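Visitor: I would like a close look at a single part of this model, the place where chain A and chain B meet. Please take me through it with care, and then turn to whatever else belongs in the picture.

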Amino acid sequence: MSAVVVVGAGIVGAACAHSLSAAGAEVIVLDRGSVASGTTSRGEGNILVSDKEPGAELELARLSRDAWLEVGEELGRETLELEEKGGVVVAASPEALDALSSFAAAQRSAGVTALDVAEPRELEPHLRAGLAGGVLYPEDMQVQPVLAAAAMLEAAQRRGARFVAGADVVAGVRDASGRLTGVRTSAGEVIGADAVVNAAGTWGAQVSERLGGPVPVLPRRGFILVTEPLPPMVRHKVYSADYVANVSSSEAGLETSCVVEGTRGGTILIGASRERVGFDTTLDVDVVSTLASQATALFPFLERVNLLRVYRGFRPYCPDHLPVIGPDPRVPGLFHACGHEGAGIGLAPGTGRLIAHHVLGGGPLAPEVAARFTALLPDRFVQEA
Amino acid sequence: MPLSDLPPDGVVIVGAGPAGLACAATLLDQGDTFVTVLDAGSGAGGQYWRQPAPPADSSDPGALRPDAMRGLHHDLGTFAELRSRLEAGQAAGRASLLTDHHVWTVVAAEGGHVVHAVDRSGGPGRERAVELRARHLVIATGAHDRSLPFPGWDLPGVLTAGGLQALLKAGDVALGPRVAVGGTGPFLLPVAAGLADRGATVVGVFEANSPTRWLRELRAVAANRTKLAEGAGYAATLLRRRVPVRTRTMIVEAHGRERVEAVTVARLDASGHPRRDTHRRIEVDAVGVGWGFSPQLDLAVTLGCALTADASGTPVVQVDEWQRTSRSGVSAAGEACGVGGAALAVAEGRLAARGIVGASASDAETAGLREEVARLRAFAAAMHRAHPVPAGWADALRSETVVCRCEEVSAGTVRHAIAERGATDARQVKQLTRAGMGWCQGRVCGHAVELLAGGGSGSPAERLVSTPLPLGVLASRKSRAM
Ligand SMILES: Cc1cc2nc3c(=O)[nH]c(=O)nc-3n(C[C@H](O)[C@H](O)[C@H](O)COP(=O)(O)OP(=O)(O)OC[C@H]3O[C@@H](n4cnc5c(N)ncnc54)[C@H](O)[C@@H]3O)c2cc1C
């Protein structure tokens with residue numbers, strides 16, 4: 001049996017602990033804060049296939065979607081607030097509809113269910129009139145990220161995993177051969193391990209440096225608007241087609257295209273902007289106003305609805321906008337599971353399985369499945385250096 | 001853009017209570033900048049100098065009404081004077097008072113800050129977005145009532161002590177004749193005295209702490225004789241009206257079906273836990289319970305102003321000897337720097353103004369204000385030490401007692417999140433249970449949840465939006481700018 005230290009108790013660390021403990025590993029999760037105290041509590045809980053173009057990330061999204069349903073089965077959908085509500089992407093203009101349609105066509109060939117919708121108002125009666133059309137993605141789902149992370153971590157603990165809150169990992173401990181044999185916390189405690197998983201999200205670069213295998217993870221700021229609670233008005237996740245262009249963009253500037261969705265609590269979430277401004281925490285009123293005007297343009301009833309709060313988070317992104325998942329070729333014993341950008345919630349359980357596969361040398365995934373994710377390996381950053 | 005007629009580089013004061021008004025008046029006297037005072041309320045005065053609604057036939061709706069405010073407001077003379085100086089400034093085109101303007105956020109900008117407010121003066125459905133540039137910003141946002149849950153606290157007729165007093169000050173005395181007042185702190189006395197003076201039967205003031213605690217604070221008391229006299233005045237009223245004052249006693253439950261009908265009070269043991277063998281039931285028609293006040297820190301936190309803890313461990317804005325915060329161009333005065341009463345707020349407001357106009361640190365006036373602030377702060381610290389929340393405040397909570405009223409989260413759910421799910425602060429409890437996610441954004445339950453979670457992590461909730469505003473108002477901002 002191998003002892004695995006997971007650094008970070010966000011959704012990704014929790015999913016890793018969940019998968020690793022299920023596969024029989026002895027797991028210790030360390031977080032400098034507490035469960036979901038990082039980006040996981042700052043995002044929405046979209047589990048999307050709709051926004052991903054064919055490639056390794058879409059594959060991981062599809063693996064994760066199945067894994068989410070299994071997690072829902074195991075821990076109870078209610079516990080996670082997991083809902084198979086589906087997503088509707090709407091296009092305002094015929095040009096946008098063309099772009100959306102060809103995007104959807106490519107996704108279909110990769111196995112995604114994408115249904116053309118001539119009149120989006122039949123699905124969402126409160127949408128504004130006159131939209132050019134849309135696409136329904138029945139596979140899109142939603143989860144409450146903090147509840148999900150806490151529940152997966154608790155499930156791992158029931159299988160014997162340990163969770164230590166308030167443990168800041170400041171360094172790795174290596175043996176003469178250079179193999180990682182544990183981590184050191186700021187309290188000076190050394191925790192031994194056969195493997196260490198870097199699941200530190202937006203702080204993954206810092207942790208990777210501390211552990212001797214640096215990978216580039218940078219912050220991408222986002223704001224989310226939360227309204228007062230209302231009776232159900234928005235049934236699916238609804239977003240405009242320009243989102244599709246934004247997600248895969250690598251321009252430095254601000255991008256906003258809003259996603260509107262209802263939650264269990266009755267509030268409506270309007271997210272989210274994307275900006276590369278480092279860890280700048282200040283509220284940007286223009287960004288927030290832009291989100292509000294996009295949301296009210298889609299759903300005119302929102303004009304009279306009160307904004308109750310705005311929260312912000314910093315998505316962890318790698319320069320090529322793909323997460324980094326797998327063993328570090330420079331430091332035996334070190335594994336990375338970070339850089340999921342705006343999709344870490346959705347991609348978490350698939351990541352957990354992939355990590356269990358890498359760490360335990362086999363585990364839950366068939367080798368041919370694991371082979372689909374070579375594009376996510378840390379090697380790509382090592383070769384660059 | 002509305003208000004474009006205002007000079008873009010003046011001083012903007014958020015809050016027209018004692019601190020904000022004093023700051024404005026001094027700025028007008030000493031400096032030559034344009035002064036704008038914003039307040040969410042419909043008139044100047046803040047919580048402390050709250051005015052009753054004018055009589056319907058009034059020719060001057062803004063006129064002070066000492067008759068209606070008898071015994072409720074201290075130092076009305078100061079209020080009248082500060083207000084008339086602001087009015088003179090307005091008449092001279094040097095000042096503007098924007099009431100019904102709730103500041104929802106402030107952001108740093110080139111050469112100062114931009115203050116974003118929602119103007120509600122047009123009534124519901126007619127809110128407007130307003131933006132003001134401030135060369136210098138003064139946070140004088142005061143404090144709000146601190147409440148703690150207990151079984152029955154959500155019954156109609158159960159209010160905070162401040163809420164009860166606000167009803168009185170607003171001239172609404174249509175309360176039931178039998179009233180119980182509970183909690184802790186010197187503020188309970190004027191509330192009870194005001195009620196008794198207006199004909200209510202105050203069945204008791206149930207103060208959780210013992211007056212002997214003040215014996216440890218004699219130095220602060222001796223330096224503040226006016227405070228003593230003020231307290232003695234209320235005590236005399238209570239005595240005259242035969243209002244029993246019970247110390248080391250708290251209201252542990254409110255009973256009733258449609259509305260409150262009775263309360264149970266209990267004596268506290270030496271460690272601050274209510275003793276079951278001392279339960280006593282008293283019939284009442286209304287209840288006011290107050291556990292002090294929480295400084296309103298939303299804007300300061302959003303701006304990243306450094307905070308510090310007051311004598312009770314409550315986070316407050318940290319200021320220097322000119323009331324300047326750690327952010328350049330931002331000062332703070334009054335309860336935001338620690339709850340300490342109107343006289344302290346006035347002194348701090350004046351000092352903040354003198355700092356902004358660049359007064360000399362050595363002039364007599366400044367020295368006098370600093371001395372006054374230090375003296376009153378020492379008294380406030382003594383008050384916080386003498387009136388802590390008792391250790392057993394939550395003993396009476398049942399698992400089904402609602403803690404977060406907006407989201408209907410029970411004490412059992414909160415305790416489960418803490419004991420079983422490892423939540424260590426209010427933010428985490430919120431994420432796991434929704435406590436504090438509703439309309440009031442945790443302003444009511446936040447303190448209780450923090451205490452249940454083991455108390456004072458020291459970092460107050462971050463509220464980037466400090467008051468709800470319609471999305472359409474925000475959206476209109478955008479269409480204007482584009
Ligand atoms: C506005 C916004 C909206 C979003 N919407 C969505 C969405 O709808 N769907 C979706 O899938 N994703 C969304 N995301 C992205 C998603 O939130 C992230 O990808 C995801 O939370 C990352 O999870 P994580 O576990 O990797 O990181 P985190 O949740 O940040 O966890 C990392 C943990 O590591 C800990 N840590 C860091 N350094 C150390 C150290 N030295 N020692 C110990 N512990 C350490 C931190 O305390 C933290 O708890 C959104 C993000 C934002 C900002």
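Guide: A polar contact, as the term is used here, is a pair of N or O atoms within 3.5 Å, where within protein one atom must be able to donate a hydrogen and the other to accept it. By that rule, in this predicted model, 13 residue pairs, both members at pLDDT 80 or more, are in polar contact across the interface of chain A and chain B. On the side of chain A that touches chain B, the elements giving two or more residues are α5 (145–158), β13 (218–227), α8 (285–298) and β17 (306–317), and the largest share, 8 residues, is supplied by α8(A). Sorted by class, that side of chain A holds 18 nonpolar, 12 polar and 8 charged residues.

The extent of the interface can be put in two ways: 38 residues of chain A are in contact with 33 residues of chain B, and the two chains bury about 3,100 Å² between them, with 56% of that area on carbon and sulfur atoms. Side chains of opposite charge can pair when their charged atoms come close. Across this interface the rule finds 4 salt bridges, and Asp286(A) forms a salt bridge with Arg477(B), with 3.0 Å between the closest N and O atoms. There is also a backbone link, in that β17(A) is joined by 2 bridges to strand β23 (residues 469–470) of chain B, the two strands running antiparallel; within this pairing, Asn306(A) stands opposite Pro470(B) in β23(B).

Over all chains, a search of the whole structure finds 37 salt bridges. In one of chain A, the side chains of Arg220(A) and Glu341(A) meet at 2.5 Å, N to O. This pair links distant parts of the chain, 121 residues apart, with Arg220(A) in strand β13 and Glu341(A) in the loop between β19 (334–338) and α9 (344–360).

Glu341(A) leads on to the ligand, since among the 40 residues around the ligand those that come nearest are Asp31(A), Thr40(A), Asn46(A), Glu341(A) and Gly346(A). A polar backbone atom of Glu341(A) is 2.6 Å from an oxygen atom of the ligand, while a polar backbone atom of Gly342(A) is 3.0 Å from a nitrogen atom of the ligand. At Val169(A), a backbone N or O atom lies 2.8 Å from a ligand nitrogen atom.

Definitions and conventions: Residues numbered from 1 in each chain as written. Chains lettered and ligands numbered in written order. Predicted model: local features only at pLDDT ≥ 70, side-chain atom pairs only at ≥ 80, totals over all residues. Heavy atoms only, no water. Contact = heavy atoms within 4.5 Å. Buried area = accessible area lost by both parts, 1.4 Å probe. Polar contact = N/O pair within 3.5 Å; in protein donor to acceptor, adjacent residues only side chain to side chain. Helix = DSSP H or I, 4+ residues; strand = E, 2+ residues; numbered from the N terminus. Nonpolar A, V, L, I, M, F, W, Y, C, P; charged D, E, K, R; others polar. Pairing = 2+ DSSP bridges. Near = heavy atom within 4 Å.
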